[in-house]
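Visitor: I would like to go through this model with you, asking at each step what a value rests on.
Guide: Please do, and let us begin once it is in view.

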Amino acid sequence: MNKMMSNKRIIALYMLPALLMLGAMIYIPIALTAYYGLHNWNGIQAMEFIGLTNYIELLGDRAFWSSAFHSLLLAVFSCLSLVVYLAVSLVLASKIKGANVLRKIYLIPMLLSSVAIAQLWLKVYHPSNGLINLFLEQLGVVNTPEWLSNTDLVLFSIFLPILWQYAGFYILIYYAALKGVPKEVEEAATIDGASSRQIALRIKVPLITEVLKVTVVLAVVGSLKYFDLIYVMTGGGPNGASEVMASYMYRIAFKSFDFGYASAVSFFLLLICLTATWIIRRLTASSEQTQYS
């Protein structure tokens with residue numbers, strides 16, 4: 001067996017199916033997307049090669065950069081929400097009553113589709129009989145806001161259900177990581193007189209640093225390419241106030257039927273996600289990782 005696995009041809013043969021599948025499902029579509037971005041194409045008629053025109057136009061497209069800013073804001077709020085998720089996980093990982101029930105409650109949003117969550121929050125934000133405005137009316141507020149029609153409120157109104165949707169996902173990751181912390185370390189710290197807060201912040205959190213780095217990357221990249229719930233709730237409106245890069249790409253492709261320009265937007269979105277991932281990895285890399293990278 002060792003002789004067989006030392007044969008480079010055998011290793012290449014074993015890797016070939018995975019490489020073919022990876023190329024067919026990831027790299028070839030990426031290359032085709034970049035290629036389509038070099039054309040003027042409505043998705044039906046013959047493509048017209050126009051070179052880098054779409055990409056150059058994209059650099060000066062204010063609507064795209066506005067949507068990119070909205071996606072960036074979502075990424076920032078997602079990273080900030082990770083602190084809340086971590087705090088909840090620390091509480092759940094401690095010995096408190098009802099922790100099992102709370103974990104199941106936090107996982108409920110993960111069981112629902114994005115469309116179902118969008119419909120649920122559309123009812124919550126309804127201007128006349130929505131849960132939030134009914135509560136505000138009980139407090140004496142006369143002119144209750146129209147959460148999804150106000151250009152100043154719509155973006156942050158959408159952020160809330162998105163963060164709620166993925167709360168259970170990140171809490172579950174952090175909870176599993178915290179449960180993996182050796183009990184011996186906690187017991188030693190307790191014997192040395194460390195409080196529960198000190199154990200959580202100075203022992204548990206540093207020991208799951210690698211997990212924290214992964215969740216930051218997931219939160220940022222996921223926010224930059226987020227689409228479905230925003231599209232169902234507002235479609236990017238009103239007047240583009242809740243437009244993100246993915247919804248802008250969809251609108252250009254399937255409403256304006258400009259698949260060439262939409263492909264350029266899609267490829268640029270990929271480059272932004274890769275750049276964000278690289279920056280995060282560099283910023284969170286340890287000194288040893290930086291030395292050998």
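Visitor: How much area does the protein chain expose, and what share of it do carbon and sulfur atoms supply?
Guide: In this predicted model, the protein chain exposes about 17900 Å², of which carbon and sulfur atoms supply 67%.

Visitor: What share of the 293 residues counts as buried, and what makes a residue buried?
Guide: A residue counts as buried when its relative accessible area is under 20%, and 35% of the 293 residues of the protein chain meet that condition.

Visitor: How do you know how the protein chain compares with a compact globule?
Guide: The rule takes 2.2 Å times the number of residues to the power 0.38, which for 293 residues gives a radius of gyration near 19 Å, whereas the protein chain has 24 Å, so its value lies above that of a compact globule. Along the principal axes, the C-alpha atoms fill a box of roughly 80 × 75 × 30 Å.

Visitor: Which elements give two or more residues to the lining of the largest pocket, and what makes a residue part of that lining?
Guide: The largest pocket has a volume of about 360 Å³. A lining residue has an atom within 4 Å of a pocket point, and 17 residues qualify, with Ser94, Glu186, Ser196, Ile199 and Lys204 the closest to the centre. The elements that give two or more residues are α4 (62-93), α10 (183-191) and α11 (196-207).

Visitor: What makes up the lining of the largest pocket by class?
Guide: Seven residues of the lining are nonpolar, four are polar and six are charged; Glu and Lys count as charged, so Glu186 and Lys204 belong to the charged class.

Key. Residues numbered from 1 in each chain as written. Predicted model: local features only at pLDDT ≥ 70, side-chain atom pairs only at ≥ 80, totals over all residues. Heavy atoms only, no water. 1 Å grid on protein atoms, 1.4 Å probe; cavity = no way out; pocket = protein on both sides within 12 Å on 5 of 7 lines; lining within 4 Å. Points joined across faces, edges and corners; volume = space filled by probe spheres on them. Helix = DSSP H or I, 4+ residues; strand = E, 2+ residues; numbered from the N terminus. Buried < 20%, exposed > 50% of the residue type's maximum accessible area, 1.4 Å probe, protein only. Areas by Shrake-Rupley, 256 points an atom, 1.4 Å probe, with all protein chains shown as cover.
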